[in-house]
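Q: Please go through this model and explain how its descriptive terms follow from the computed values.

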Amino acid sequence: MNSKTEKYLEINKNINRGYRKLEVWKEAVEQYAFVKKKIKNLKELSFKSRAQIEDSALSISSNIAEGYCTRYLKENIQFNTIALSSLGENYTQVFNLFNAEEIDEEWFDEYDRIHYSLENKLIKLNKTSIESLKANFDWKNDYQVRELIEKYDGV
């Protein structure tokens with residue numbers, strides 16, 4: 001991430017924005033920027049194809065964040081699985097462009113390296129989360145309960 005965007009990850013922190021610390025989320029944000037910059041210069045690409053490629057790339061970081069913000073492990077696993085699905089969709093779309101010789105091999109190799117790293121980290125995160133779930137661990141949502149007790153106790 002560039003220094004301009006990095007600074008925003010260091011301000012206005014709270015428990016709901018914890019996903020901003022996750023490497024997988026940061027890499028997904030970077031992959032989106034990488035893909036968006038490349039496809040913006042592809043003149044032959046239809047509006048529909050461009051939108052689908054951008055949407056699938058954007059969906060990855062969005063689903064990681066959404067799953068984290070549910071604060072429930074089962075939902076987090078589900079949203080990370082959706083992020084993995086979007087990652088596969090995006091790879092297929094970019095691979096099709098490469099196969100059709102609309103993007104060059106050098107760019108595709110860089111994309112594949114970024115994609116592979118993100119994919120493996122997301123798979124590992126999901127495996128770890130599934131093991132935590134099997135061990136009967138779940139996130140605490142006590143920050144919500146405590147607020148209710150503090151504000152509404154005795155009412």
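A: In this predicted model, E27 is in contact with I114, S117, L118 and K121, leaving aside its neighbours within four places in sequence. E27 is found in helix α2.

Q: Why is E27 called buried or exposed?
A: The relative accessible area of E27 is 18%. Buried means under 20%, so E27 counts as buried.

Q: What makes the pair α2 and α5 roughly parallel or roughly antiparallel?
A: The axes of helix α2 (residues 23-40) and helix α5 (residues 105-134) cross at roughly 155 degrees, and they come within 10 Å. Angles over 145 degrees count as roughly antiparallel, and α2 and α5 are therefore roughly antiparallel to each other. In handedness, α2 passes α5 in a left-handed crossing.

Q: Which residues make the contact of α2 with α5?
A: From α2 the contact is made by E23, V24, E27, A28, Q31, F34, V35 and K38. From α5 it is made by W107, E110, Y111, I114, H115, S117, L118, K121, L122 and L125. By class, this contact of α2 with α5 has 10 nonpolar, three polar and five charged residues.

Q: How do you know that the span of α5 is close to the expected one?
A: Helix α5 has 30 residues and reaches 42 Å from its first C-alpha to its last. The value expected at 1.5 Å a residue is 44 Å, and the span of α5 is close to it.

Q: Which residues of α5 are buried, and what covers them?
A: The buried residues of α5 are W107, F108, Y111, I114, H115, L118, L122, N126 and S129. What covers them includes α2, α3 (47-70) and α4 (73-99). As a general point, an α-helix has 3.6 residues a turn, so residues three or four places apart point the same way.

Q: Why is S129 called buried or exposed?
A: S129 lies in helix α5 and has 8% relative accessibility. The cut-off for buried is under 20%, so S129 counts as buried. Leaving aside neighbours within four places in sequence, S129 is in contact with L73, N76 and I77. As for I77, S129 is 52 residues apart from it in sequence, with 6.6 Å between the two in space, C-alpha to C-alpha.

Q: How do you know whether α4 and α5 are roughly parallel or roughly antiparallel?
A: The axes of α4 and α5 come within 10 Å and cross at roughly 165 degrees. With the threshold for roughly antiparallel set at over 145 degrees, α4 and α5 are therefore roughly antiparallel to each other. The crossing of α4 and α5 is left-handed. Residues of the contact of α4 with α5 divide into 18 nonpolar, nine polar and four charged.

Q: What makes V29 buried, partly exposed or exposed?
A: V29 is found in helix α2, and its relative accessible area is 26%. Partly exposed covers the range between 20% and 50%, so V29 is partly exposed. Leaving aside neighbours within four places in sequence, V29 is in contact with M1 and S61. V29 and S62 are 33 residues apart in sequence, and their C-alpha atoms are 8.8 Å apart in space.

Q: What is notated about phi of R71, and why is R71 called buried or exposed?
A: Phi of R71 is near 65 degrees, a positive value in a residue other than glycine. R71 is found in the loop between α3 and α4. Its relative accessible area is 7%, which is under the 20% limit, so R71 is buried.

Q: Why is E101 called buried or exposed?
A: E101 lies in the loop between α4 and α5 and has 72% relative accessibility. Exposed means over 50%, so E101 counts as exposed. Phi of E101 is near 60 degrees, a positive value in a residue other than glycine.

Q: How many helices and strands does the chain have, and what share of the chain is buried?
A: The secondary structure comes to six helices and zero strands, and from the N terminus on the elements run α-α-α-α-α-α. Buried residues make up 33% of the 155 residues in the chain. Among contacts between residues at least 6 apart in sequence, 70% join residues at least 24 apart.

Notes:
Residues numbered from 1 in each chain as written. Predicted model: local features only at pLDDT ≥ 70, side-chain atom pairs only at ≥ 80, totals over all residues. Heavy atoms only, no water. Axes fitted to C-alpha atoms, helices over the stretch in contact; angles between N-to-C directions. Helix = DSSP H or I, 4+ residues; strand = E, 2+ residues; numbered from the N terminus. Parallel < 35°, antiparallel > 145°, perpendicular 65-115°, else oblique. Left-handed = near helix turned anticlockwise from the far one by under 90°. Contact = heavy atoms within 4.5 Å. Nonpolar A, V, L, I, M, F, W, Y, C, P; charged D, E, K, R; others polar. Expected span 1.5 Å × (residues − 1). Buried < 20%, exposed > 50% of the residue type's maximum accessible area, 1.4 Å probe, protein only.
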